[in-house]
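Q: Can we walk through this one together? I'd like short answers, please.

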Amino acid sequence: MIKICIPSYKRPNEVLALKKVTPENQTKYFWLCIREEEMDAYKENYPHCNLLSLGSEWKPSDSIGETRQRINELMTGKIIVIDDDVEFSKTKIIEKEWKGEPYHYMRYDKDLDCNDVIEETLNYIDGLMDQYPYGSIRAHGHPRDGRKFMPYRLNQVGVWCVWFNLDMFDTDVVSYRHGPNDVEDVYMSLRWFELGYDIPQVSLYCIKKSKSTHSQKGGCSEITNRGQKHDDAVDWLIEKYPHLCHSRPSHLYGGTKTVRVKFKRKQTQNLF
């Protein structure tokens with residue numbers, strides 16, 4: 001069975017990812033992945049959810065990358081790792097005209113509750129996990145034509161909701177610890193591509209990010225000098241993978257850098 005893992009930090013009463021999930025589904029599928037000292041607080045507020053202790057020894061420099069690495073090392077089998085402020089949904093195609101041509105807009109199906117699609121999503125992802133040890137589930141942002149992205153598209157950066165088939169690789173070889181402390185999601189996508197894997201991103205099923213994310217305490221909000229650390233991580237990625245990514249100013253997060261990735265294989269030259 002696929003386990004849905006939610007890393008969370010200092011949000012023991014505000015895990016938005018569980019807000020609409022039934023107690024039965026929490027017990028069956030969901031795991032809160034938290035530091036040892038927070039176990040009691042989370043258990044009190046989420047008694048139906050499974051808990052995974054990530055240990056008690058943490059350095060001040062440890063970030064979400066270290067958290068995600070410990071999840072991969074402690075879990076087994078097939079897992080989906082989601083941010084603690086997202087919920088599952090399903091894509092609905094709305095056809096409209098754009099520049100005189102039909103356009104298949106991907107939208108969230110608001111007629112479905114997240115509990116209606118969790119098991120359906122897991123059943124669909126399960127088959128892909130046997131072929132692809134790493135992949136992601138899409139969140140709808142900028143308009144995209146569903147004909148190019150449905151049911152899934154290869155080689156897209158995975159953020160907010162990624163999966164691992166832990167039986168298919170060594171977590172010491174593919175490790176968050178080998179990358180920067182921030183922008184760890186982009187690093188992991190680049191790492192798998194570097195190893196020769198294609199990276200599927202599912203659009204048939206999707207995840208929805210909470211609108212109140214940036215007003216929450218805890219989580220990444222606890223990181224001091226977060227903007228500079230983010231920019232340093234982007235610079236690290238550009239230096240490591242200059243043929244795959246570049247940076248530009250972000251219009252969303254107060255002038256920090258954003259990294260743009262274009263997956264393309266290095267061309268090999270014929271010897272003869």
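Q: How many of the residues of α6 are buried?
A: In this predicted model, 10 of the 11 residues of α6 are buried, and the helix is mostly covered.

Q: Which ones are buried in α6?
A: The run starts with Glu184, Asp185, Val186, Tyr187 and Met188. Ser189, Leu190, Arg191, Trp192 and Phe193 are buried in α6 too.

Q: What follows α6?
A: Gly196 follows α6, and the phi of Gly196 is positive, near 100°.

Q: And what sits on the other side, in the loop between β9 and α6?
A: Val183 lies in that loop. The phi of Val183 is near 55°, a positive value in a residue other than glycine.

Q: Why point that out?
A: Because most residues other than glycine have a negative phi.

Q: Is Val183 buried or exposed?
A: Val183 is buried, with a relative accessible area of 6%.

Q: Which residue in the loop between β8 and β9 has a positive phi?
A: Asn155, which is placed in the loop between β8 and β9. Its phi is near 65°, and Asn155 is not a glycine.

Q: Why does Asn155 count as buried?
A: Asn155 has 19% relative accessibility, and buried means under 20%.

Q: What about peptide bonds? Which one is cis?
A: The bond from Met150 to Pro151 is cis, with omega near -5°. Most peptide bonds are trans.

Q: Where does Pro151 lie?
A: Pro151 is in the loop between α5 (146–149) and β8 (152–154).

Q: New topic: α3. Why call it largely enclosed?
A: Helix α3 covers residues 64–74. Eight of its 11 residues are buried, so the rest of the structure largely encloses it.

Q: Which residues are those?
A: Gly65, Glu66, Thr67 and Arg68 are buried in α3. So are Gln69, Arg70, Ile71 and Asn72.

Q: What do the buried residues of α3 pack against?
A: They pack against four strands, β1 (3–7), β2 (30–34), β4 (78–82) and β9 (161–165), and against the helix α6 (184–194).

Q: On to charges. How many salt bridges does the count come to?
A: The count comes to 18 salt bridges.

Q: What does Glu119 pair with?
A: The side chain of Glu119 meets that of Lys28 in a salt bridge, at 4.0 Å from N to O. The pair links distant parts of the chain, 91 residues apart. Glu119 is in helix α4 (residues 114–129), and Lys28 is in helix α1 (residues 23–29).

Q: How accessible are Glu119 and Lys28?
A: Glu119 is partly exposed at 41% relative accessibility. Lys28 is partly exposed at 40%.

Q: And Lys78? What does it meet in helix α4?
A: Lys78 meets Asp126 in a salt bridge, 2.8 Å from N to O. Lys78 lies in strand β4 and Asp126 in helix α4, so the pair ties together parts 48 residues apart in sequence.

Q: Are Lys78 and Asp126 buried or partly exposed?
A: Lys78 counts as buried, at 16% relative accessibility. Asp126 counts as partly exposed, at 31%.

Q: Which residue in the loop between α4 and β7 also pairs with Lys78?
A: Asp130 forms a salt bridge with Lys78, and their closest N and O atoms are 2.8 Å apart. Asp130 lies in the loop between α4 and β7 (134–138) and Lys78 in strand β4, so this pair ties together parts 52 residues apart in sequence.

Q: Which residues do shared salt-bridge partners join into one network?
A: Arg68, Asp83, Asp85, Glu184 and Lys209. Two of them bring us back to earlier helices: Arg68 is a buried residue of α3, and Glu184 is a buried residue of α6.

Q: Now the surface. Which residues form a negative patch?
A: Glu36, Glu37, Asp40 and Glu44 form a negative surface patch.

Q: Where is Glu44, and is it buried or exposed?
A: Glu44 is in helix α2 (residues 39–45). Glu44 is exposed, with a relative accessible area of 67%.

Q: Last one: Tyr108. Where does it lie, and what does it contact?
A: Tyr108 lies in strand β6 (residues 101–108). Leaving aside neighbours within four places in sequence, its contacts include Ser89, Lys90, Ala139, His140 and Cys206.

Q: How far is Tyr108 from Trp236?
A: They are 128 residues apart in sequence and 35 Å apart in space, C-alpha to C-alpha.

Terms used
Residues are numbered from 1 along each chain as its sequence is written. This is a predicted model: local features need pLDDT of at least 70, side-chain atom pairs count only at pLDDT 80 or more; totals for chains, interfaces and linings use all residues. Side-chain values use heavy atoms; hydrogens and water are left out. Buried means under 20% relative accessible area, exposed over 50%, partly exposed in between (1.4 Å probe, protein chains only). Helices (H or I, at least four residues) and strands (E, at least two) are DSSP runs, numbered from the N terminus. Contact means heavy atoms within 4.5 Å. Patches are made of residues with over 30% relative accessible area and no salt bridge: like charges are joined within 9 Å, nonpolar side chains (Val, Leu, Ile, Met, Phe, Trp, Tyr) within 5 Å. Accessible areas come from the Shrake-Rupley method with a 1.4 Å probe; for residues, only the protein chains shown count as cover. Lys and Arg count as positive and Asp and Glu as negative; His and the chain ends are not counted. The place of a charge is taken as NZ of Lys, CZ of Arg, CG of Asp or CD of Glu.
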